[in-house]
Amino acid sequence: RKLKLLDDIVKEKELVAQKTRHKLSACRLRIEMLAKQLDRVDMEIEKEEEAGNVAALSRLEAVSNRLCTELEREKELELIIALKLKQSMLEMWQIETEQGRHEILRQGLEKDEEELQMQYQERGKERIWKEKLTALQAEGKRRSRQKKEEKARKEYEERKKKILEDAKRNHERAVSFLKQSTARLVREEIAKEEVKAREHMERRIQAVLSLKTNITSNREKLQTLQVLNKAKALEAEKEEMKMKEAILAEGGNVVKEILIHKRQLKHEKEKEAFRELQKSRKIEIVSRILQEEAAIHKQKKHQSRPKAVKARVIFSCIFQTSVLSQQSFHSPSPYSLVGERSAPGGESSENTPQDVPWERGGDERDKTLLEPEFPGLWSQQYDLHKIPRKEVDPTQLAIRAMKKEMSEGKAEEFQTGIFPKQVMPGREHKGCAFHSKPSCIHFKDFDVGQIYKKKIILTNASYSVNYCRLVGISEGLKDFISVHFDPPGKMSSGMSCEFVVTFKPVINESLEGEVMFIAQTGPFSVPLKCTVKSCILALDKELIDFGSLVVGETISRTISLTNSGALGTRFK
């Protein structure tokens, strides 16, 4: 490092000396030029003196003085530059002397550098040889890997070829086996069809034979039935003759009494048929209602107890309606009343054939019919043969009563505000069924004439499927607020829907109200506020406490007054 520093200094001194020499040569050139100019001026002065030109002489003397001054100055500068050159040459010689002292060290250093360079070359050759060896090894590995891959590919192709040959062979075997099994199945199906055809033919033969036997036996039965019918007809004619004789003996109308008797018999047959139909329909209605109650109990365990009581009330009303329709059908007909009036000797109607069905029911049924549950129901005389059958159908009456009860119940719920509770196993939902985000619609710091919109999200927070419908907004907001809401229909628990509220302020006044909705579980509303720009001033301290003071001491406290509103204001 010291030798390098000396070399640098020598180079620098040589450069300074070279520059100084250039300056010295330039200074000497200027001196020679000034001397030549001074000689010319002297010659011109001599000429002007001889000519006696005073003006030119004074001018030339001034020029001569100036050139003399410059010449002296340049000579002084030449001396200074020469001195600097000598000094720099002296310093350079001293440094060269110093370099000569370190010449041995320089030679040793150069020798060490040559050795180091030779070591670097040897290391580079060694590194190159190692890299060549590594490259040869990598090439060998690559060739061996390539050979392995080629071998594996050949093995894979051979194995694939073998697999394809085995698959083709197995496919041919499967096709042959399939053909054999298909032929066997076809033969079995043909044999089964032949057996079925044979059995069918045998069954037809047996059916024909049984039909022949049934026809012969039915002929015999038909003959016996015809004989019995003839005997019954004869007995009926005998009874009719006896009845005619009795009526003639009493002096009554024979044709009228016989017609009434026939109608009574026909009426009794219709009553029996209607009783059977009524029983079957009643059983069907009761079973259907029980099934519906079981299904409702399984699906909706969270329904409240009043609904179960209401279902039982509906069921009892249906049962009473069906019993009432049956009792109304059992009401006495005009023909029976005529028979009672025309019965001889003031006999009661109990002796007539019409009262036979009532005797089966017991005394209690007779009492309930004599005193009906609903007074005025039998105050008018109706002819059952003229009443349409659909008016007496108990099923329609029951369904009509159920629908009416359900519609009245729903109307009562909406009028009174009583809605079903949201009950799940182990918990019950309380509060509003829908939550809004944000919870309050707030139009803050509005400007008159602008239009503001906000999107609100409604979420079903109940435990079951629910729906919501827009009812309206408060009366004081109808001129400024409009709501765009598309009803989403039924929403599962956790689902949400959106609606947009648009605010068009016309007056600079604060407004308050609510957007009203109705759900399956009851009405709910979302509060709405519109606040004008205002100034809200607040201090950062409520109490200014100076603490303990010494007499004559001055203490100051800083208080910040902040306006957090949107309207500016003055204060003092």
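## Salt bridge between helices H1 and H2

In this predicted model, the side chains of Glu78 and Arg28 form a salt bridge, with an N to O distance of 3.0 Å. Glu78 belongs to helix H2 (residues 54-101) and Arg28 to helix H1, so the pair ties together parts that are 50 residues apart in sequence. Arg28 is partly exposed, and its relative accessible area is 43%.

Side chains of opposite charge can pair when their charged atoms come close. The structure holds 16 salt bridges, and the Glu78 to Arg28 pair is one of them.

## Salt bridges within helix H4

Two further pairs are found in helix H4. In one, the side chains of Arg275 and Glu272 meet at 2.8 Å, N to O. These two residues are three residues apart in helix H4 (residues 254-299), which means a separation of about one helical turn. The two partners are not covered alike: Arg275 is buried, with a relative accessible area of 12%, whereas Glu272 is partly exposed at 29%. Arg275 counts as buried because its 12% falls under the 20% cut-off.

In the other pair, Arg288 and Glu284 form a salt bridge through their side chains, again with 2.8 Å from N to O. Both residues lie in helix H4, four residues apart, or about one turn of the helix. Arg288 is partly exposed at 39% relative accessibility, and Glu284 is partly exposed as well, with a relative accessible area of 42%.

## A salt-bridge network

Salt bridges also link Glu139, Arg142 and Arg143 in a network. The network therefore joins one negative residue, Glu139, with two positive ones, Arg142 and Arg143.

## Negative patch on the surface

Asp39, Asp42, Glu46, Glu49, Glu50 and Glu61 form a negative surface patch. Helix H1 (residues 2-51) gives the most to this patch, contributing five residues. Helix H1 also holds Arg28, the partner of Glu78 in the salt bridge to helix H2.

Glu46 is one of the patch residues and lies in helix H1. Its relative accessible area is 51%, so Glu46 counts as exposed, the cut-off for that class being over 50%.

## Nonpolar patch on the surface

A second patch is nonpolar and covers about 760 Å². The residues that make it are Leu537, Leu539, Ile544, Phe546, Leu549, Ile559, Leu561 and Phe571. Among them, Leu549 sits in the loop between strand S11 (537-539) and strand S12 (561-563).

## Backbone features around strand S4

The peptide bond from Lys437 to Pro438 is cis, with omega near 0°. Pro438 is placed in the loop that runs between strand S3 (434-437) and strand S4 (441-444).

On the other side of S4, Asp445 is found in the loop between S4 and strand S5 (452-460). Asp445 is not a glycine, yet its phi is positive, near 55°. At 26% relative accessibility, Asp445 counts as partly exposed.

## Contacts of Lys504

Lys504 is located in the loop between strand S8 (496-503) and strand S9 (511-519). Its relative accessibility is 46%, so Lys504 counts as partly exposed.

Leaving out residues up to four places away in sequence, Lys504 touches Gln450, Ile451 and Phe480. Of these, Phe480 is 24 residues from Lys504 in sequence, while their C-alpha atoms are 5.2 Å apart in space.

## Overall composition

The protein has nine helices and twelve strands. Of its 572 residues, 20% are buried; Arg275 is one such buried residue. The accessible surface comes to about 44300 Å², and carbon and sulfur atoms account for 55% of that area.

Among contacts with a sequence separation of 6 or more, 70% are between residues 24 or more positions apart. The contact of Lys504 with Phe480, at 24 residues apart, is one of these.

Notes
Residues numbered from 1 in each chain as written. Predicted model: local features only at pLDDT ≥ 70, side-chain atom pairs only at ≥ 80, totals over all residues. Heavy atoms only, no water. Patch = residues over 30% accessible without salt bridge, like charges linked within 9 Å, V, L, I, M, F, W, Y side chains within 5 Å. Areas by Shrake-Rupley, 256 points an atom, 1.4 Å probe, with all protein chains shown as cover. Salt bridge = Lys/Arg side-chain N within 4 Å of Asp/Glu carboxyl O. Charge placed at Lys NZ, Arg CZ, Asp CG, Glu CD. Buried < 20%, exposed > 50% of the residue type's maximum accessible area, 1.4 Å probe, protein only. Contact = heavy atoms within 4.5 Å.
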